[in-house]
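Morning, everyone. I have one structure to walk through today. Please look at the screen.

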Amino acid sequence: MSRVYNFSAGPAVLPEEVLKEAADEMLDYQGSGMSVMEMSHRSKVYDDIIKTAEKDLRELMNIPDNYKVMFLQGGASQQFAMIPMNLMKNKVADYIVTGQWAKKAWMEATKYGKANKIASSEDKTFSYIPDCSDLPISEDADYVYICENNTIYGTKFKELPNTKGKTLVADVSSCFLSEPVDVTKYGVIYGGVQKNIGPAGVVIVIMREDLITDDVLEGTPTMLKYKTHADADSLYNTPPAYGIYICGKVFKWLKKMGGLEAMKKRNEEKAKILYDFLDQSKLFKGTVVPKDRSLMNVPFVTGDADMDAKFVKEATEAGFVNLKGHRTVGGMRASIYNAMPKEGVEKLVEFMKKFEEENA
Ligand SMILES: Cc1ncc(COP(=O)(O)O)c(C=O)c1O
């Protein structure tokens with residue numbers, strides 16, 4: 001068996017020991033005589049799995065009791081519709097557009113009400129986070145929406161926007177559990193799990209209880225109402241059971257690693273290795289304004305498309321895979337999520353140095 005260093009933006013690298021454990025339990029989960037894939041989601045065994053997963057996530061993120069945790073399906077994109085359908089009581093919401101995912105969420109919301117784009121960084125290919133200290137927040141806005149870490153462009157909100165008292169909704173898909181968060185600052189935190197936590201398809205929604213009501217937009221399907229899932233503890237229908245089981249294992253792994261403070265430290269160390277190299281390189285350069293740089297997604301370019309392609313090709317051959325940048329930015333992007341070991345980043349930088357020398 002040989003594992004590569006996988007710099008994919010998602011689905012992405014998971015902790016090897018989690019994968020091994022899952023493999024060990026594949027045929028017989030803890031004496032049940034079956035795989036977690038094969039068991040009833042109403043069984044006692046499965047109930048333990050989902051309840052433990054929720055408990056561990058609550059511990060990791062220090063989630064207060066007045067917030068519900070929901071394990072849903074449909075990926076993060078489904079939330080682009082569920083959020084306005086459930087939260088746009090006044091049919092008004094404010095969106096900060098800092099990348100393609102925020103833009104998609106904003107465009108989806110325009111179907112359901114007045115979705116205002118109150119700030120954007122599209123003028124410079126989303127390479128920075130706009131100043132959000134005094135935005136024209138709408139008087140009657142039901143919420144203010146952000147994508148906290150922009151997977152494609154490699155930017156991150158280092159400070160949350162001043163929402164002037166309005167509910168903050170955040171897509172944290174690509175920075176989920178990468179550092180501590182103060183949950184009380186948000187009304188809703190949600191993310192697809194396929195970057196830092198588990199298999200694609202599962203989306204975790206952490207929502208303040210008072211936002212979960214029957215007062216939703218007319219015509220909202222039962223399955224798209226948060227209340228349906230909150231009332232049933234994520235077991236209204238068959239949940240993505242195996243995916244949730246893997247998420248639970250990653251939560252245990254995170255606890256063992258020292259929790260989110262320790263993850264933050266580790267992620268800062270890893271990102272620094274790469275950014276420090278980029279800042280002195282004569283061949284490669286980062287594309288993001290330094291103060292807004294993400295710890296998770298690091299886009300960089302040489303400025304020459306042929307050289308970029310050569311680099312990606314040679315890197316792939318050397319076992320550093322999925323480094324090709326998003327088509328809208330070009331160049332390269334190294335996603336260095338929680339499960340990417342420091343050694344993976346060190347070896348990538350060594351490889352980049354060598355490539356630079358050879359191609360000077
Ligand atoms: C920040 C962010 N939001 C949303 C999505 C969409 O997720 P999904 O494919 O689960 O719908 C992605 C996917 O990469 C993402 O990075």
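**Around the ligand**

Let's start with the ligand. Its neighbours are Gly75, Ala76, Ser77, Phe80, Trp101, Cys147, Asn149, Thr151, Asp171, Ser173, Gln194 and Lys195. Keep in mind that this is a predicted model.

What is the make-up of this shell by class? Six residues are polar, four are nonpolar and two are charged. Which helix gives the most to the shell? That is helix H3, residues 75–87, with four residues.

Now zoom in on the polar contacts. Take Thr151. One of its polar side-chain atoms sits 2.5 Å from an oxygen atom of the ligand. Next, Asp171. An N or O atom in the Asp171 side chain lies 2.6 Å from a nitrogen atom of the ligand. Then Gln194. Here an N or O atom of the side chain is 2.9 Å from a ligand oxygen atom.

How much of the ligand does the protein cover? On its own, the ligand has 390 Å² of accessible area, and the protein covers 84% of that.

Let's leave the ligand and turn to cavities. How many cavities of 30 Å³ or more does the structure hold? One. The largest cavity has about 30 Å³ of space.

Who lines the largest cavity? Find Phe71, Leu72 and Gln73 on your screen, which are among the lining residues. Further along the numbering, the lining also includes Met223, His229, Ser234 and Asn237. Pro239 and Pro240 belong to the lining too. By class, that lining has five nonpolar and four polar residues, with no charged ones. The shell around the ligand, by contrast, has two charged residues.

Terms used:
Residues are numbered from 1 along each chain as its sequence is written. This is a predicted model: local features need pLDDT of at least 70, side-chain atom pairs count only at pLDDT 80 or more; totals for chains, interfaces and linings use all residues. Side-chain values use heavy atoms; hydrogens and water are left out. On a 1 Å grid over the protein atoms alone, a cavity is a set of points where a 1.4 Å probe fits but cannot get out, and a pocket is an open set with protein on both sides within 12 Å along at least five of seven lines; lining residues have an atom within 4 Å of a point. Grid points are joined across faces, edges and corners, and a volume is the space filled by probe spheres set on the points. Ala, Val, Leu, Ile, Met, Phe, Trp, Tyr, Cys and Pro count as nonpolar, Asp, Glu, Lys and Arg as charged, and the others, Gly among them, as polar. A residue is near a molecule or strand if one of its heavy atoms lies within 4 Å of it. A polar contact is a pair of N or O atoms within 3.5 Å; within protein, one must be able to donate a hydrogen and the other to accept it, and residues adjacent in sequence count only if both atoms are side-chain atoms. Accessible areas come from the Shrake-Rupley method with a 1.4 Å probe; for residues, only the protein chains shown count as cover. Helices (H or I, at least four residues) and strands (E, at least two) are DSSP runs, numbered from the N terminus.
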